[in-house]
Amino acid sequence: MIASGVTRTRRAFAGLALLAGGALGSTAAFANPVPWQLNMPQGVSDISKRVYDLHMLGLYVCAGIGIVVFAVMFVAMFRFRKSRGAVAQTWAHNTRLEVVWTIIPILLLIMLAWPATRLLIDMNDVGESDLTVKVTGFQWRWRYDYVEYQKQDPGVHFISSLDTESNRVRQLGSGLDPNAVKDGDYSSYLLNVDNPLVVPVGVKIRFLITADDVIHSWWVPTLGWKQDAIPGFINDNWTKINTPGLYRGQCAELCGRDHAFMPIVVKAVPQAEFEQWLATHKSAAAATAAVGAAPDGQG
Amino acid sequence: MAAVNPAIQPDVHASHDHKPHGFLHRWLFTTNHKDIGTLYLIFSLTMFFIGGSFAMVIRAELFQPGMQLVQPEFFNEMTSMHGLIMIFGAIMPAFVGLANWMLPMMIGAPDMALPRLNNWSFWILPFAFLMLISTMFMPGGGPQGGWTMYPPLALEGGMNVAFAIFSVHMMGISSIMGAINIIATILNMRAPGVDLLRMPVFVWSWLITAFLLIAVMPVLAGAITMLLTDKYFGTSFFHAAGGGDPVMYQHIFWFFGHPEVYIMILPAFGIVSEIVPTFSRKPLFGYQAMVYALACIAFLSFIVWAHHMFTVGMPLGGNLFFMYGTMLIAIPTGVKIFNWVTTMWGGSLTFETPMLFACAFVILFSIGGFSGVSLALVPADFQYQDTFFVVAHFHYVLVTGAAFAIMGAVYYWLPKWSGHMYSEKWGKIHFWSSAISVNLLFFPQHFLGLAGMPRRIPDYNVAFADFNMLSSIGGFWFGATQLIFVGVIIHCVYFSKQRATERVWEGAKGLEWTLPSPAPYHSFTHPPVVTAGMLAHGDVSH
């Protein structure tokens, strides 16, 4: 108890430092959520970095407009107070001013729309991928099928569910401490799974996303996007991860009782390690298929 | 004023007769716009507290990580019911109540054009909401699929589906009848001299809102009727397995849903356009620009619906169209903000409670508008969509926007309704406590969403713990503060000793301020003789 109190205080101090740093707009590229985090992660792909940049551009433009408008408003609120003897003027119209403040926002909006359009076009280009993974949302777990890797069907698929430790703690009235749930050093409560999605870095990965019962949404913030998983539809999206690591996300579309409890973990590894992993899983899958008595929990 | 304007003399006389005797006669059978306005406002305040209590459950469960209080399905019930009740039960009826009270008095009409319809459109509501709330006590509980009721999830509900859909149908009928009444009143019953372009901006905002209501409430009715037949009559409008399309529901729903958003904010724009000039003692800047901006926002609201669904996998062209359309809305909205600020510039300002709420509206609604511009940028929206960032955004526009405008309007017109002044001291305490707590409640939610916390979840990773705790503290504080609001109203109506004058506010202009306070039960039974100086905007040249 005491120990957790100490970490809590230390975390609060670290948080304050972060708050001060974040307020200046300098933000570290956090991979996964950390306490007192203020901003979007820059992520681990070129696209996610550009999404972050677009978000920041939007923030700066809005903050700029806000500072000017609110400054004028506050000056008016102090300068033209009746208690300071201000006498009301009678003008109520100024065409030039009105034209100016219609045109300036148009220019600012074009400034935002241009990079947004270019980025959207690039995000839309799912062609020429080396790996295709089909993602299927269920109530309340994800199924991953490796559909194609370097023009071949690897025949690997599995179900990915909330890890048992988080699942135990999250039961109503469990009395267990969510802070105690760890994956390595990371407090992984509700952001950890039994079988992570293993993918290679430096390879363009195409995701085919669908659902089997209700609508879900597959979201890993560090990849820079989410995509709805809709029964009867196959949506696609892509990523090319630059850095190996564990990247955590969650279902983002309300999908019923356990919507909060179907996390996503993407484990990005070097390509050679990925191929080795794929080979192991492929032979394991082949072995169980040969026995013909595969417990169908895996598929 | 009565002495100056002979047309008002009969009204003063009318104030002490013709009121129906007996509680049921007075309130259940009433066709009087003031009584119906009061009923709407009391109903809305009641719903505000019921919906608010659901929000307290949500914030209590989210106070810290881990599940402490409720099961996830009950949490989902709370978020769904909170949304339905606040939108259809609190915000919309409050604006209709204000319209009932004020529109006839602002345009010099004796009552609404269709008084019996008016009675009916109010009295549908308590039954609709009774039915909706009763679903919480049925086997399987109330709706748990969110206020948007997306299939297939919403169809997994039990018997609540039929009851919830029927109650939303009733709310829709009520809104449509109310809107017809408002349009008929404004277009037919203006006193001579109250030309369209001399009407108060609040009247304009309601005229436009009423057209939006008539246009989109039937669309909602269609969408939920298809849900109903999918559930009970074997159709497959939204069943993928039967050849249907779950995304089509979202398109139809948001074709209603986006104009609905403006139904909840345009009257607020109207209110702020009344309050700011009064306490600036200066005419509203750019009256015609304000009216055209309202119309422009209303038009654009019909062609931006799919910005609620950028992640469903629309084609590139679709996403681009809805992004550009949405960004365009920033222009007329910006014009309104700039015009309010410019109205204050060069005025002679005092900050009574209504003005405090109006100023907070201008600033905090703008913050909600800024996050709205960011949300319009499709690639960034791929990150924001369905996170607490969105929750922060729409609570800034609906709580510090719509709800603050309604509170400002109540303080502004309460002396006219009751004939007494409210306690300025307690009004200001209510304002400051609300303004501080609401920011503590909603501002940290921006950070939570950006850091990766999805919305509509009852439990979360420990990284989100600190800002959730701050947000919950702000939530409990904001909720408790609203009890002050009730106290101020009760004090003003029943206990205040300070009589309100006719004009109430030094800078107030418009026909409603030529009536005595409290406004007589029957007002403007004879059309007033309107002079340009009586109106807030008597000059039609700009």
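How many residues does the contact take from chain A and from chain B? In this predicted model, each of the two chains contributes to the contact as follows: 97 residues from chain A and 97 residues from chain B.

**Contact between the chains**

About 8,100 Å² is buried between chain A and chain B, and carbon and sulfur atoms give 70% of this area. On the side of chain A, the residues that lose the most area to chain B are A:W101, A:L172 and A:L254, which together make up 9% of what that side buries. One salt bridge is counted between the chains. It joins A:K82 to B:E506, with the closest N and O atoms 2.9 Å apart. Residue pairs in polar contact across this interface number 22. Elements of chain A that give two or more residues to this side include α1 (2–23), β9 (225–229) and β11 (245–251). The largest share, 16 residues, comes from α2(A).

**Contact between the domains of chain A**

Chain A is assigned domain 1 (2–84 + 93–123) and domain 2 (131–288). Their contact takes 15 residues from domain 1 and 18 residues from domain 2. The area buried between these domains is about 1,300 Å², with 53% given by carbon and sulfur atoms. In domain 1, A:N32, A:V44 and A:M123 lose the most area to domain 2, together 44% of what that side buries. The rule finds zero salt bridges between the domains, but nine residue pairs in polar contact. On the side of domain 1, α2(A) gives the largest share, four residues.

**Residue classes by side**

| Side | Nonpolar | Polar | Charged |
|---|---|---|---|
| Chain A, touching chain B | 58 residues | 26 residues | 13 residues |
| Domain 1 of chain A, touching domain 2 of chain A | eight residues | four residues | three residues |

Notes:
Residues numbered from 1 in each chain as written. Chains lettered and ligands numbered in written order. Predicted model: local features only at pLDDT ≥ 70, side-chain atom pairs only at ≥ 80, totals over all residues. Heavy atoms only, no water. Domains from an automatic or database assignment. Contact = heavy atoms within 4.5 Å. Buried area = accessible area lost by both parts, 1.4 Å probe. Salt bridge = Lys/Arg side-chain N within 4 Å of Asp/Glu carboxyl O. Polar contact = N/O pair within 3.5 Å; in protein donor to acceptor, adjacent residues only side chain to side chain. Nonpolar A, V, L, I, M, F, W, Y, C, P; charged D, E, K, R; others polar.
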